[in-house]
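Let's take a walk through a protein model together. Have the sequence and the 3D view ready, and follow along one stop at a time.

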Amino acid sequence: MRRLSRLLILTLCVMFIGAGFAASAAPSDKAIGPQVGQAAPAFRLEDQNGKWVTPADFHGHYLVMYFYPKDFTGGCTTEVCTFRDDIAKLRKAGASVVGVSLDGVKSHAEFAAKYHVPFPLLADSSRSVATAYGVLTSDDGVQYAKRTTFLIDPQGKIAKIYVDVDPEKNSGQVMTDLASLKAAP
């Protein structure tokens with residue numbers, strides 16, 4: 001009986017330890033990226049027109065950097081068109097806008113032309129920027145950028161992060177927060 005008890009205890013211990021290792025080895029969907037107040041990660045990406053874009057291009061202005069999964073998909077089209085429609089208000093508020101996805105320059109050029117996008121769509125084909133911002137994820141082996149927006153202040157620090165945004169409401173949320181940030185002492 002004593003032997004059976006020891007065997008049972010040993011088996012349970014091995015199961016719990018094994019479960020702990022399995023849990024720690026499992027990939028986490030909670031990617032680590034910059035937090036509010038931290039410097040925004042640097043980047044150098046090509047836009048839909050073949051122009052290289054860096055954070056220095058926006059120094060002294062707010063930057064709305066929104067990541068989206070894929071050109072020509074429903075939510076992404078809604079989001080790009082909403083930012084397009086609000087671009088004059090955003091610029092008046094002192095903000096520039098860039099969209100970022102893993103799609104290539106050619107795809108961005110077609111997407112921007114079809115929807116008359118007046119701001120840069122940046123091609124993160126290497127996935128390095130999505131990784132640096134903690135938004136790279138995958139589904140069934142297909143990698144993409146999670147729909148996340150970063151509001152970067154004129155000094156290059158993260159002022160606000162919007163996670164799992166509603167494509168129709170994201171631009172409005174950003175404009176509301178821009179007004180609050182600019183009104184704060």
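Is aspartate 85 buried or exposed? Aspartate 85 is exposed, because its relative accessible area is 53% and the cut-off for that label is over 50%. Keep in mind that what you're looking at is a predicted model.

Now see what aspartate 85 is holding on to. Its side chain meets that of arginine 84 in a salt bridge, 2.9 Å from N to O. Arginine 84 is partly exposed, with a relative accessible area of 23%. From there, hop over to histidine 116: in sequence it's 32 residues away from arginine 84, yet in space the two sit 7.8 Å apart, C-alpha to C-alpha. You'll find histidine 116 in the loop between α3 (105-115) and β5 (121-123). At 60% relative accessibility, histidine 116 is another residue that counts as exposed.

Salt bridges deserve a bit more of your time, as a search of the whole structure turns up five of them. One joins the side chains of aspartate 103 and lysine 70, again with 2.9 Å from N to O. This pair ties together distant parts of the chain, 33 residues apart: aspartate 103 is in the loop between β4 (95-101) and α3, while lysine 70 is in the loop between β3 (62-67) and α2 (74-92). Aspartate 103 is buried, at 8% relative accessible area, whereas lysine 70 is partly exposed, at 44%.

Another of these bridges brings lysine 160 and aspartate 177 together, at 4.0 Å from N to O. Here, too, distant parts of the chain are linked: lysine 160 belongs to strand β9 (residues 158-163) and aspartate 177 to helix α5 (residues 170-183), 17 residues apart. Lysine 160 counts as partly exposed at 33% relative accessibility. Aspartate 177, on the other hand, has a relative accessible area of 18%, so it counts as buried, given that the label applies under 20%.

Time for some rings. How many aromatic pairs does the structure hold? The number is nine. Take tyrosine 66 and tyrosine 68: their ring centres are 5.6 Å apart and their planes make an angle of 35°, which gives a tilted pair. Tyrosine 66 is buried, with 0% relative accessible area, and tyrosine 68 is buried as well, at 1%. Both belong to a cluster connected by ring pairs, together with Phe72, Phe83, Phe111, Tyr115 and Phe119.

Why is the pair of tyrosine 133 and phenylalanine 150 called edge-to-face? Their planes stand at 70°, with the ring centres 4.9 Å apart, so the pair earns that name; the angle has to be over 60 degrees. Tyrosine 133 comes from the loop between α4 (128-132) and β6 (136-139), phenylalanine 150 from strand β8 (residues 148-152), and the two are 17 residues apart. Tyrosine 133 is buried, at 2% relative accessible area, and phenylalanine 150 is buried with a value of 2%.

A ring can also have a charge for company. The charged end of arginine 44 sits over the ring of tryptophan 52, 4.2 Å from its centre.

Last stop: some empty space. The second largest pocket contains about 170 Å³. It is lined by 15 residues, and those closest to its centre are Pro55, Ala56, Ile152, Asp153 and Gly156. The lining is made up of eleven nonpolar residues, three polar ones and one charged.

Conventions
Residues numbered from 1 in each chain as written. Predicted model: local features only at pLDDT ≥ 70, side-chain atom pairs only at ≥ 80, totals over all residues. Heavy atoms only, no water. Phe/Tyr/Trp six-rings, centres within 6.5 Å; stacked < 30°, edge-to-face > 60°. Buried < 20%, exposed > 50% of the residue type's maximum accessible area, 1.4 Å probe, protein only. Helix = DSSP H or I, 4+ residues; strand = E, 2+ residues; numbered from the N terminus. Lys NZ or Arg CZ within 6 Å of the ring centre and 35° of its normal. 1 Å grid on protein atoms, 1.4 Å probe; cavity = no way out; pocket = protein on both sides within 12 Å on 5 of 7 lines; lining within 4 Å. Points joined across faces, edges and corners; volume = space filled by probe spheres on them. Nonpolar A, V, L, I, M, F, W, Y, C, P; charged D, E, K, R; others polar.
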